[in-house]
Amino acid sequence: ESVKSKIIDDNIGYIRLTAFNENSSRQVKDKIKKFKKKKINKYVLDLRNNPGGLLSQAVKISNFFLDNGEIVSTKSRKSYENKKYFAKKGDIINGKTLVVLINYGSASASEIVAGALKDHKRAILIGENSYGKGSVQSIIPLKNEGAIRLTISKYYLPSGKSISEVGVSPDIVVEEQSQFELDSDKDNQLKYAIRLFQS
């Protein structure tokens, strides 16, 4: 289980993604289907403290909210190894308002999703600057049962910006309060998002 969800104020569908594993996109899709049956028309995707995971899942989840355009590209030392990933038609929430929450703990695949949705002006990003892990790594097994992790390429957002060491900046900066606790009364970033929906 990498997805938690709840309904806030009867009309906001809140989805928190804790990692990008094999079945994250299926779980996100299932939650959205349930929300749609309840006539939810505003969505929050919480990627805070999500360290990332599979690139394929980041592409699928970004694609849920986009109709077209580039999602992410990877550039290697050799140009023939460069890849671009594009969105296919079919925004599953039909253009409804989407807020994405990010913080310093949002890394890698989280930054791809947040960055793609920001670059396409599909979501409003709230929170703090993300971590800045824009490298693609390959694990090469060794004979002694160890392994070596090798950076083979870097991620680039649709705007052409690299995520490496700079991260993704929010549209609205909301810093965590001193006693900050995710998804509690002290979660001032989520509170800000809810206020934004109500205004």
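Two exercises with worked solutions follow.

This is a predicted model, in which local features need pLDDT of at least 70, side-chain atom pairs count only at pLDDT 80 or more, and totals for chains, interfaces and linings use all residues. Residues are numbered from 1 along each chain as its sequence is written, and side-chain values use heavy atoms, with hydrogens and water left out.

**Exercise 1.** Classify Arg48 as buried or exposed, and find its polar partner.

*Solution.*
- Step 1: locate the residue. Arg48 sits in the loop between strand E3 (42–46) and helix H2 (55–64). Helices (H or I, at least four residues) and strands (E, at least two) are DSSP runs, numbered from the N terminus.
- Step 2: apply the cut-offs. Buried means under 20% relative accessible area, exposed over 50%, partly exposed in between (1.4 Å probe, protein chains only). Arg48 is buried because its relative accessibility is 0%.
- Step 3: check the side chain. Arg48 makes a polar contact with the side chain of Asp187 at 2.7 Å. Such a contact is a pair of N or O atoms within 3.5 Å; within protein, one must be able to donate a hydrogen and the other to accept it, and residues adjacent in sequence count only if both atoms are side-chain atoms.

**Exercise 2.** Place Lys118 and determine its exposure class.

*Solution.*
- Step 1: Lys118 belongs to helix H3 (residues 109–119).
- Step 2: Lys118 has a relative accessible area of 23%, so it is partly exposed.
- Step 3: list contacts (heavy atoms within 4.5 Å). Leaving out residues up to four places away in sequence, Lys118 touches several residues, including Ala123, Val168 and Asp171.
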